[in-house]
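Colleague: Can you walk me through this model? I have a few questions about the fold and the packing.

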Amino acid sequence: MYRLLRTFTALTALTAIGLTAGCSSGSGSTADPARSPAADVAAGPSTDAAKAPSTFWVDPDSPAARQVEKWERQGRAQDAEALKRISEQPLAVWPAGDDPAPDVRAATEGATKDGRTAVLVAYNIPHRDCGQHSAGGAHSSAFYREWVDAFAGAIGDAPAVVVLEPDAIPHIVDGCTPAEYHADRYQLLSEAIERFKRQPKVKVYLDAGNPGWITDAHKLSEPLIKAGIARADGFSLNVSNFQSDEVTKAYGRTLSATVGGKHFVMDTSRNGRGPLAGDREDAWCNPPGRGLGTPPTDRTGDPLLDAVLWIKRPGDSDGPCRGGPAAGQWWPDYALGLARNAKEA
């Protein structure tokens with residue numbers, strides 16, 4: 001998933017003026033029984049990540065949870081304990097393949113059983129990711145409509161948060177998505193919002209990128225409006241990216257003012273150490289030294305910020321860069337580095 005970061009200098013300037021997201025989960029690789037190099041990354045807090053109050057569902061069978069069990073069996077007690085900072089937190093579910101219903105149903109049924117809310121990501125728009133690491137998506141507009149209908153239907157009456165199509169709008173704004181696809185994309189997103197909102201307990205947040213990508217939030221306003229943001233519950237920010245909480249919240253407030261005061265959610269899954277400094281176009285892709293951010297919660301203390309979420313599943317690769325597996329595949333060494341570099345509570 002493309003997560004272009006501008007220069008560190010530009011981001012700093014952005015903060016000063018107050019404008020201050022590869023991805024579906026998979027079984028992925030397994031760690032070598034020997035202690036991994038990531039285990040030697042400077043440790044974060046000495047206790048588990050802060051248990052912020054949350055109404056969101058924790059998947060007991062996530063790749064992180066399975067990795068904890070494996071490392072415990074192998075006697076890697078310290079690594080297993082560190083990884084609980086991921087496995088014991090609610091993570092978004094990215095349904096994979098042409099049929100989203102099984103993954104959606106498993107998540108919503110598990111959440112309902114626990115009295116929690118599932119967080120789901122709809123990521124299958126045609127011409128997705130401009131041919132980069134997470135390229136693909138539905139092969140036609142007609143199939144995408146069927147896919148969304150199956151996704152929404154599988155939610156049923158369960159409470160759920162749906163993050164709709166990470167990158168789809170920002171890729172229109174930055175010119176990566178060819179102009180001939182724009183009108184169709186707006187129509188598909190608008191229809192998707194309407195379809196999800198037919199489910200009685202669903203909240204939908206249309207993705208709006210991150211402040212290090214489209215640095216002028218006003219450029220997103222018209223595209224979001226064309227895509228039907230008025231009928232959504234709001235927009236999502238920082239999905240799969242690393243911008244700090246304060247930068248992202250300030251950007252969200254600026255953008256909200258241009259789209260009718262809409263609320264937003266933000267991804268803090270890997271922003272505990274902020275973005276990788278430098279003017280490098282691949283700074284978004286498996287950057288080293290990053291850490292877990294603020295744990296998920298719907299008690300934000302900010303009237304416009306509905307929730308802090310871990311939308312990008314920490315430990316899922318951004319793509320085959322810096323030694324990582326394919327986009328969306330589980331990478332335990334990287335996950336361990338994120339856990340050991342977690343933001344101080």
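Modeller: Ask about the sheet, the packing or the loops, in whatever order suits.

Colleague: Ground rules before that: what kind of model is this, and how are residues numbered?

Modeller: This is a predicted model in which local features need pLDDT of at least 70 and side-chain atom pairs count only at pLDDT 80 or more, while totals for chains, interfaces and linings use all residues. Residues are numbered from 1 along each chain as its sequence is written, and side-chain values use heavy atoms, with hydrogens and water left out.

Colleague: Fine. What is the strand order in the open sheet?

Modeller: The order is β1-β2-β3-β4-β5-β6, with parallel pairing across the 6 strands. Strands here are DSSP E runs of at least two residues, helices are H or I runs of at least four, and both are numbered from the N terminus. Two strands pair if DSSP finds at least two bridges between them.

Colleague: Which strands are at the edges?

Modeller: β1 and β6 (305–309), each of which pairs on one side only. From one strand to the next the twist averages 25 degrees. For such angles, axes are lines fitted to C-alpha atoms, for helices over the stretch in contact, and the values run from 0 to 180 degrees between N-to-C directions.

Colleague: How many bridges join β3 to β4?

Modeller: There are 3 between β3 (residues 202–207) and β4 (residues 234–237), and the two strands run parallel. Leu206 stands opposite Phe235 in β4. Between these strands the chain passes through helix α8 (residues 221–226), and this β-α-β crossover is right-handed. Right-handed means that, with the strands pointing away from the viewer, the path from the first strand over the helix to the second runs clockwise.

Colleague: And how many join β4 to β5?

Modeller: 4 bridges, again with parallel strands, β5 being residues 263–267. Ser236 is opposite Val265, and Gly234 has His263 as its bridge partner. The chain goes from β4 to β5 by way of helix α9 (residues 245–258), in a right-handed β-α-β crossover.

Colleague: Which strands does α5 lie across?

Modeller: β1, β2 (160–164) and β3, with α5 running at about 175 degrees to β1.

Colleague: On to packing. Which residues touch the most other members of the largest nonpolar core?

Modeller: Leu164 and Phe196, out of 52 residues in that core. Helix α5 (residues 141–155) gives the largest share, 8 residues. A nonpolar core is a set of buried Ala, Val, Leu, Ile, Met, Phe, Trp, Tyr and Cys residues joined through side-chain atoms within 4.5 Å. Buried means under 20% relative accessible area, exposed over 50%, and partly exposed in between, with a 1.4 Å probe and protein chains only.

Colleague: What does Leu164 touch?

Modeller: Leaving out residues up to four places away in sequence, its contacts include Tyr144, Ile193, Phe196 and Leu206. Contact means heavy atoms within 4.5 Å. Apart from the largest core there is another, of 19 residues, among them Trp310 and Trp330.

Colleague: How many aromatic pairs are there?

Modeller: The count is 6. Rings of Phe, Tyr and Trp (its six-membered ring) pair if their centres lie within 6.5 Å; planes under 30 degrees apart are stacked, over 60 edge-to-face, and the rest tilted. Trp94 and Tyr123 are edge-to-face, at 5.5 Å centre to centre and 85 degrees between the planes. They are 29 residues apart, with Trp94 in the loop between α3 (77–87) and α4 (101–114) and Tyr123 in the loop between β1 (118–122) and α5. Trp94 is buried at 2% relative accessible area, and Tyr123 is buried at 7%.

Colleague: What about Tyr144 and Trp147?

Modeller: Tyr144 and Trp147 are stacked, 6.0 Å centre to centre with 20 degrees between the planes. They are 3 residues apart in helix α5, so about one helical turn separates them. Both are buried, and they form one aromatic cluster with Phe151 and Phe196.

Colleague: Last topic, backbone. What is phi of Glu165 near?

Modeller: Near 50 degrees, which is positive in a residue other than glycine. Most residues other than glycine have a negative phi. Glu165 is in the loop between β2 and α6 (168–173) and is buried, at 0% relative accessible area. Ser240 also has a positive phi, near 65 degrees; Ser240 is in the loop between β4 and α9 and is buried at 1%.
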